[in-house]
Amino acid sequence: SQSNTKFIVILDAGHGGKDPGNSYHGFVEKEIALKTSLKLDKYLKKDKDIQIIHTRKTDVFIELVDRPKIANKLDAHLFISIHCNSVKNPVPYGSETFVMGLARSSSNLEIAKQENSVILLEKDYKETYKGFNPKNPETLIGLKILQEDYLDRSINLASKIENNFKNKLKRKSRGIKQTPLWVLDAAYMPS
C-alpha cells in the first residue's frame, strides 16, 4: 500500500463458452460464476488502490492453462477463481473456499523454476533481477519460502471469505479445502 502501484486482483469466472461447468435445475455454473465475478468487480472497484483484471467478462471459453498465466504475466497480487459445485445428493450444502493443495506445492515450485529459467536468456539478467538465479540453491530456497508464504496468505484470505459467508451472510460454511486444482497451483501469488 506504500508504493505507487495498484494492488492487482485477477478475477477468473470459471468455465465459459463451450464449457458450461455444473448445472442443476436450470442453473448453469458458467453463468453464475460470471455474474458473481462481475458483481465482485463492482464491489472491489470501490477501492481506488485495486486494479481488477478479468480472465473473461463474457461467455467465452478460456483454456484452463491460460487462466493462471494471465495472472502470472501481469505479476498480480491475488488470483480469485469463482466456481459453483453441484451434487445429486441434497445433504451437502454451503460455501467452500479452496487453496493450493499441499501435495502440489513441490510441483508448483518446479513450474516456477522452469518458468523462471528463461531469465538466463536475458542480456543483463544479473542486474535486472538483482542476483536472482533460478539455478542457485539459495534462490530455490527463496522460491520455496515464497510458495509457503503464498499458501499461508491464501489460507488467511480463505478464512476471511468463509467467515464472511458464515457470519455476515448466514450461510453454512463447509470450510477451507486444500486441493490440487490447476488454476490455483499454477498461479505464482496467493490464490
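**A lined cavity, two cores and a serine in strand 5**

Sorted by class, the residues lining the largest cavity come out as 7 nonpolar, 4 polar and no charged ones. The model behind this tally is a predicted one. Rolling a probe the size of a water molecule over the atoms shows where empty space is left. Scanning the whole structure this way turns up 1 cavity of 30 Å³ or more, and the volume of the largest cavity is about 60 Å³. Its lining runs to 11 residues, with Met 100, Tyr 150, Leu 184, Met 189 and Ser 191 lying nearest the centre. Helix 5, which spans residues 137–168, supplies the largest share of that lining, namely 4 residues.

Stepping back to the overall fold, the protein has 6 helices and 7 strands. Going along the sequence, these elements line up as β-β-β-α-β-α-β-β-α-α-α-β-α. Out of 191 residues, 33% count as buried. As for how the chain meets itself, take the contacts between residues at least 6 apart in sequence: 73% of them join residues at least 24 apart.

Next, the nonpolar packing. The largest nonpolar core holds 9 residues: Ile 8, Ile 10, Ala 71, Ala 76, Phe 79, Val 183, Leu 184, Ala 187 and Met 189. Two elements, strand 1 (7–13) and helix 6 (182–185), each give two or more residues to this core. A separate core of 6 residues lies apart from it, and includes Val 9, Leu 11, Ile 50 and Ile 52. Leu 184 and Met 189 turn up twice in this picture, as members of the largest core and among the residues nearest the centre of the largest cavity.

Ile 8, another member of the largest core, has quite a list of partners. Leaving out residues up to four places away in sequence, Ile 8 touches Gln 51, Ile 53, Leu 74, Ala 76, His 77 and Leu 78. Of these partners, Ala 76 also belongs to the largest core.

Finally, there is Ser 81, which sits in strand 5 (residues 78–82). The side chain of Ser 81 makes a polar contact with that of Asp 12 at 2.6 Å, and another with the side chain of His 83 at 2.9 Å. With residues up to four places away in sequence set aside, Ser 81 touches Asp 12 and Val 183. Asp 12 thus shows up both as a touching residue and as a polar partner, while Val 183 links back to the packing story as a member of the largest nonpolar core.

Terms used:
Residues numbered from 1 in each chain as written. Predicted model: local features only at pLDDT ≥ 70, side-chain atom pairs only at ≥ 80, totals over all residues. Heavy atoms only, no water. Polar contact = N/O pair within 3.5 Å; in protein donor to acceptor, adjacent residues only side chain to side chain. Contact = heavy atoms within 4.5 Å. Core = buried A, V, L, I, M, F, W, Y, C linked by side-chain atoms within 4.5 Å. Buried < 20%, exposed > 50% of the residue type's maximum accessible area, 1.4 Å probe, protein only. 1 Å grid on protein atoms, 1.4 Å probe; cavity = no way out; pocket = protein on both sides within 12 Å on 5 of 7 lines; lining within 4 Å. Points joined across faces, edges and corners; volume = space filled by probe spheres on them. Nonpolar A, V, L, I, M, F, W, Y, C, P; charged D, E, K, R; others polar.
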